[in-house]
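Q: I am new to this model and would like a close look at one part of it. Please begin with some background and then go through that part residue by residue.

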Amino acid sequence: MLRLEFMRLAFAAGAVVGVLAPAVGFFLVERRQSLIGDGLGHVAFAGVAAGVLLDVSPVAVALVFAVVGAVAVELLRTKGGTVGDQALALVFYVGLALGVVLVSSAGALNVNLFQYLFGSILTVTWSDVWLVLALGLAAIATLGVLYRGLVGSVVDEEGSRVAGVAVDTLNMVVAVLAALTVALAMRIVGLLLVAALMVLPVTAAGRVAWSLRSTLGIAVGIGVGSVLVGLTIAYYADLAPGGTIVLAAGLAYPVCAILGGARR
Amino acid sequence: MTMVAAIELEHVSFAYRPGVPVLADVTLRVSEGEFLAVAGPNGGGKTTLLRLVLGLERASVGEVRVFGRPAGRRDRSRRIGYLPQRAGAGGEAPVTVRELVSAGRLAPSGIFGPLRRADREVVDSAIARVGLADRATAPLRTLSGGLRQRAFIAKALACEPSLLVLDEPTTGVDAESQESLAVLLERLRRDLGVTILYVSHEFGAVEHVVERLVLVRGGIVFDGPPADLPAVWHDPSHDHAQGH
């Protein structure tokens with residue numbers, strides 16, 4: 001399997017996304033914003049459509065759209081007076097509607113949009129891998145440097161704010177990293193399933209972990225493991241890689257729940 | 001020379017909606033090192049008063065100062081440790097006592113990189129001070145309500161505060177743990193010289209340790225030692241505390 005270059009590329013890009021998606025997802029889940037990845041996928045879809053319309057790299061435009069969407073959600077949430085998940089709904093539905101309008105304007109419904117919606121990891125090129133590596137490693141490094149600050153704003157947002165911690169800035173960093181993850185994972189698992197790779201490993205890890213740090217570590221392990229196992233099964237069983245990866249991540253939940261239950 | 005007060009409210013009024021004041025013409029001065037309990041009925045404005053002190057709300061009229069500076073303006077030498085109402089730690093993942101308390105060290109140590117050794121020592125000392133040294137690696141969700149509140153107090157102490165603000169700290173805590181929480185707070189005030197603002201509708205737990213009690217009901221309706229409180233206002237849930 002690894003003699004084939006497209007599989008080596010798929011494993012390289014997938015491994016980075018397998019680390020990044022649960023690492024960013026960890027902070028989203030802890031802030032009870034599990035669905036933000038899903039919504040940013042909707043906004044990124046508008047970016048893909050705009051890229052097709054303008055004949056510019058759909059991934060790059062999707063990245064810009066997702067970042068703008070993430071910033072808009074944070075601003076609406078903190079300064080716009082919207083409550084609960086209204087900010088998410090507002091930005092995401094507008095993003096999806098914009099995507100539909102742009103796609104139909106471009107006459108692009110006949111373009112292979114499926115590769116963005118459901119992933120196309122087996123068509124990943126070296127330039128895709130370098131982009132995923134460069135931005136993915138930069139995002140992971142950012143998480144590493146800001147880990148303590150991000151944890152602080154998660155465990156007690158108001159207490160940290162009163163103590164003078166720049167909580168709004170840290171929240172914005174998480175939102176932008178989520179947008180970046182969506183754009184980078186788009187080719188691997190697809191826009192419709194990208195949020196799953198951010199959320200499912202974290203949810204599963206929470207069943208067996210004993211601390212925040214261990215939750216993050218186990219989630220990243222499940223994320224990478226799901227990508228490697230999912231890709232391997234997809235290769236030998238001739239299945240859709242994106243769906244198989246997410247099914248592997250989903251299977252981790254009952255396994256962890258049983259292990260966690262047995263330990264208690 | 002007049003000593004700078006820890007907290008000063010001068011003719012403060014506040015309304016969330018125009019024409020519906022929550023607090024009207026409140027004047028209050030809390031000296032450094034004082035242990036003040038603020039009580040009153042739900043909707044009486046005590047949490048609003050606390051939020052004004054923390055700088056989370058701005059007074060519609062009047063002035064709120066903390067250690068001589070307008071509330072909300074950061075003072076690196078005089079930090080505020082805050083225990084929010086029904087404090088919970090994040091989402092579903094297990095947070096250990098040490099992870100929680102370390103988060104309280106963010107303001108003095110900055111948000112970048114790992115904690116330095118000196119900061120870790122302050123964290124361990126805060127954990128020990130609330131009597132949780134042997135539970136430092138325990139997930140919060142395995143602790144009782146009373147021990148969990150102690151962990152949050154340790155988090156508030158980790159920034160080495162000059163002012164400790166607690167919002168309804170006895171919610172979900174059994175009567176025995178409430179009493180030991182009151183004793184702990186009084187010891188912290190004595191040992192660290194920290195000013196304590198304790199806001200709760202149940203003041204019985206601290207009635208025997210605070211020097212001063214303020215009852216808030218749209219304004220201040222009582223301000224003095226708990227012993228001077230008219231009998232009709234005593235908290236019956238802690239009658240045994242009267243004998244202390």
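A: Chain B exposes about 10900 Å² in this predicted model, and carbon and sulfur atoms supply 50% of that area. Of the 244 residues in chain B, 55% are buried. Six helices and ten strands are found in chain B. If contacts in chain B are limited to residues at least 6 apart in sequence, 71% of them join residues at least 24 apart. That is the background; the close look is at the surface of chain A.

A nonpolar patch on the surface is formed by Leu4(A), Phe6(A), Leu122(A), Tyr235(A) and Tyr236(A). Together these residues have about 450 Å² of accessible area. One member of the patch, Leu4(A), is placed in the segment before α1 of chain A, a helix that covers 5–30. Leu4(A) has a relative accessible area of 32%, so it counts as partly exposed. A patch member needs over 30% relative accessible area, and the 32% of Leu4(A) meets that cut-off.

Val71(A) can be set beside this. Val71(A) sits in helix α3 of chain A, which spans residues 58–78. Val71(A) is partly exposed because its relative accessibility is 26%, and partly exposed is the class between under 20% and over 50%. Leaving aside residues up to four places away in sequence, Val71(A) touches Met172(A) and Val176(A). Asn171(A) is 100 residues from Val71(A) along the chain, and the C-alpha atoms of the two are separated by 9.8 Å.

Conventions: Residues numbered from 1 in each chain as written. Chains lettered and ligands numbered in written order. Predicted model: local features only at pLDDT ≥ 70, side-chain atom pairs only at ≥ 80, totals over all residues. Heavy atoms only, no water. Patch = residues over 30% accessible without salt bridge, like charges linked within 9 Å, V, L, I, M, F, W, Y side chains within 5 Å. Areas by Shrake-Rupley, 256 points an atom, 1.4 Å probe, with all protein chains shown as cover. Salt bridge = Lys/Arg side-chain N within 4 Å of Asp/Glu carboxyl O. Helix = DSSP H or I, 4+ residues; strand = E, 2+ residues; numbered from the N terminus. Buried < 20%, exposed > 50% of the residue type's maximum accessible area, 1.4 Å probe, protein only. Contact = heavy atoms within 4.5 Å.
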